[in-house]
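Morning, everyone. I have one structure to show today. Please pull it up and follow along.

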Amino acid sequence: MARPREFDEQDVIAKATDLFWRRGYNATSVRDLGAELRLKQSSLYRTFNDKRTLFLRTLDHYRATESTQAEEQLSAPGPSLEILREWLTWMISHEAGRGCFVVNTAAELGTTDPDVQQRTEDAFEVTRKTLASLLRRGIHDGDLPAALDVDAAVELLFTTVLGLRVRERAGHDPQRLATAIDFTIKTLATSAT
């Protein structure tokens, strides 16, 4: 008869997410995971098969928690530019020095693993769609110019978001990042094609 698990799988995934988020995939060994999670390697392998499978589960966990929180913030009622500014500011101060787990993963692993790439691209697409929805609402409410090219603005914002996340992780001065946010908001408010 198999022994019952002596740990909560979701708790382990949450803790592993934190470790991978801090260190990255390649810098985190199975031994590191065992020490951090206080589990024997045999328990890790029995439950998750291998490090990569656990890593994929942590990406899914992150998307179900952190990414969902971002969606909720961008969908909140209120003037679209204020919501966007608040989200961008929150984004660079919420997990200071850690960046975004999805962005970090995309930068580290790029296109080397199709399953990882699919998860990062899916997360990025959710962000793009949420930003597009917010911009369309801003146009509808009169917060943004009616002639705003939403698709181009989404790409500008998405690139800005990725840049802010990388710069935040690199420890850049938050005031300089705030300046970039302010200029982005001003550009959106006055842009017309």
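How much space lies in the largest cavity? About 50 Å³. Keep in mind that this is a predicted model. The structure holds one cavity of 30 Å³ or more.

Now, the lining. Eight names to click on: V30, L33, L44, Y45, F48, D50, K51 and L54. Three elements each give two or more residues to this lining: α2 (30–37), α3 (41–48) and α4 (51–74). Which of them gives the largest share? That is α3, with three residues.

What about chemistry? By class, the lining has six nonpolar residues and two charged ones. It has no polar residues. D50 and K51 are the charged pair in that list.

Next, the annotation. UniProt lists residues 29–48 as "DNA-binding region", and the entry is unreviewed. So what does the chain look like over that stretch? Residues 29–48 are 80% helix and 0% strand. The C-alpha atoms at the two ends of the stretch are 14 Å apart.

Last stop, T65. Find it in helix α4. Why does T65 count as partly exposed? Because its relative accessibility is 36%, and partly exposed covers the range between 20% and 50%. Now look across to A14. T65 and A14 are 51 residues apart along the chain. Their C-alpha atoms are separated by 9.9 Å.

That's the tour. Back to the cavity for anyone who wants another look: α3 gives its lining the largest share, and the space inside is about 50 Å³.

Methods: Residues numbered from 1 in each chain as written. Predicted model: local features only at pLDDT ≥ 70, side-chain atom pairs only at ≥ 80, totals over all residues. Heavy atoms only, no water. 1 Å grid on protein atoms, 1.4 Å probe; cavity = no way out; pocket = protein on both sides within 12 Å on 5 of 7 lines; lining within 4 Å. Points joined across faces, edges and corners; volume = space filled by probe spheres on them. Helix = DSSP H or I, 4+ residues; strand = E, 2+ residues; numbered from the N terminus. UniProt positions renumbered as here; feature names shortened; annotations may be inferred. Buried < 20%, exposed > 50% of the residue type's maximum accessible area, 1.4 Å probe, protein only.
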